[in-house]
Amino acid sequence: MLQDTLFSAGEEVLLRPVSEGLARTALGQGAWLDFRPGWVGGAGELFTRLENTVPWRSERRAMYERVVDVPRLACFYDAGVSLPDPAVEEMRGALSAHYGPELGEPLETVGLCLYRDGNDSVAWHGDRIGRSAHADTVVAIVSLGATRRFLLRPRGGGPARRLEVSAGDLLVMGGSCQRTWEHAIPKSRRPTGPRISIQFRPHDVR
Ligand SMILES: O=C(O)CCC(=O)C(=O)O
């Protein structure tokens with residue numbers, strides 16, 4: 001059964017039930033990872049809408065006590081700000097309904113990133129600005145566009161885990177993951193089309 005159906009001039013954008021096909025992996029140290037392939041139907045249509053309507057900007061990021069350019073474009077929607085597309089609003093509602101009881105609060109902010117090609121990337125980091133520096137949290141990420149590699153590694157060292165995230169997939173990092181693990185989207189040497197990632201976080205977590 002479809003949880004939600006949104007119509008547009010092109011392909012239909014629909015959200016399938018979050019829990020159907022969702023698999024949780026315990027990473028250790030209280031961190032976990034949920035993966036739900038193909039959560040969003042009509043991901044191509046939504047990619048086109050967001051690519052054209054989001055006011056994409058270059059981004060700088062504090063990393064290892066320096067501020068560095070991040071090779072990708074981004075746009076951040078704080079809590080209470082109107083979102084660029086009704087489908088993104090629907091996603092936030094569905095994710096809050098699913099993860100809110102476990103997290104104890106809704107997902108509120110929305111970050112969007114545009115990786116223009118395989119040269120765009122984000123280096124190893126945890127989302128540890130704000131409360132996530134000290135407390136468990138949830139960061140949910142929806143992928144649209146090209147398939148990219150998503151890497152995770154324990155902060156103290158240890159083998160990395162590698163996932164391929166494709167259009168419509170939902171990946172959720174939870175528990176201590178932002179403090180005890182790091183994640184990255186590495187550059188790709190293969191010809192790679194653009195990818196958009198949509199990140200949903202509770203307030204005061206970045
Ligand atoms: O693009 C992604 O899937 C990862 C995004 C990310 O790690 C971030 O913006 O902090």
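Hi everyone, let's start with one pair of residues: proline 154 stands opposite tryptophan 181 in β14. Before we go on, please keep in mind that this is a predicted model.

That pair belongs to a wider pattern. β11 and β14 run antiparallel, and four bridges join them. Along the way, leucine 151 faces a partner too: alanine 184 in β14 stands opposite.

Now, which strand pairs with β11 over five bridges? That is β12, residues 161–165, which pairs with β11, residues 148–154, in the antiparallel sense. If you'd like a place to look, find phenylalanine 150, whose bridge partner in β12 is leucine 163. β11 and β12 also make a hairpin, with six residues between them. In the turn, glycine 157 has a positive phi of about 105 degrees.

Let's put those strands together. They sit in an open sheet of four strands, and the order is β9-β14-β11-β12, with antiparallel pairing. Which strands are at the edges? They are β9, residues 122–125, and β12, each of which pairs on one side only. On average, neighbouring strands in this sheet are turned by 15 degrees against each other, if we ignore direction. For anyone new to sheets, strands pair through backbone hydrogen bonds, and the pairing can be parallel or antiparallel.

Next, the ligand. Which residues are around the ligand? Here is the list: Gly111, Cys113, Val122, Asp127, Ile141, Phe150, His183, Ile185, Ser197 and Gln199. You'll recognise Phe150, which we just met as the bridge partner of leucine 163. The elements that give two or more residues to this shell are β8 (109–115), β14 (181–185) and β15. By type, the shell divides into five nonpolar residues, four polar and one charged.

Finally, two residues with an unusual detail for you to look up. Glutamine 29 has a positive phi of about 55 degrees, although it is not a glycine. You'll find glutamine 29 in the loop between β3 (23–28) and β4 (31–36). Is glutamine 29 buried or exposed? Somewhere in between: glutamine 29 counts as partly exposed because 14 other C-beta atoms lie within 10 Å, and a residue needs 20 or more to be buried, or 12 or fewer to be exposed.

The other one is aspartate 204, with a positive phi of about 60 degrees, and this residue is not a glycine either. Aspartate 204 lies in the segment after β15 (195–201). Aspartate 204 is partly exposed, with 14 other C-beta atoms within 10 Å.

Thanks for listening!

How values were computed:
Residues numbered from 1 in each chain as written. Predicted model: local features only at pLDDT ≥ 70, side-chain atom pairs only at ≥ 80, totals over all residues. Near = placed C-beta within 6 Å. Nonpolar A, V, L, I, M, F, W, Y, C, P; charged D, E, K, R; others polar. Pairing = 2+ DSSP bridges. Axes fitted to C-alpha atoms, helices over the stretch in contact; angles between N-to-C directions.
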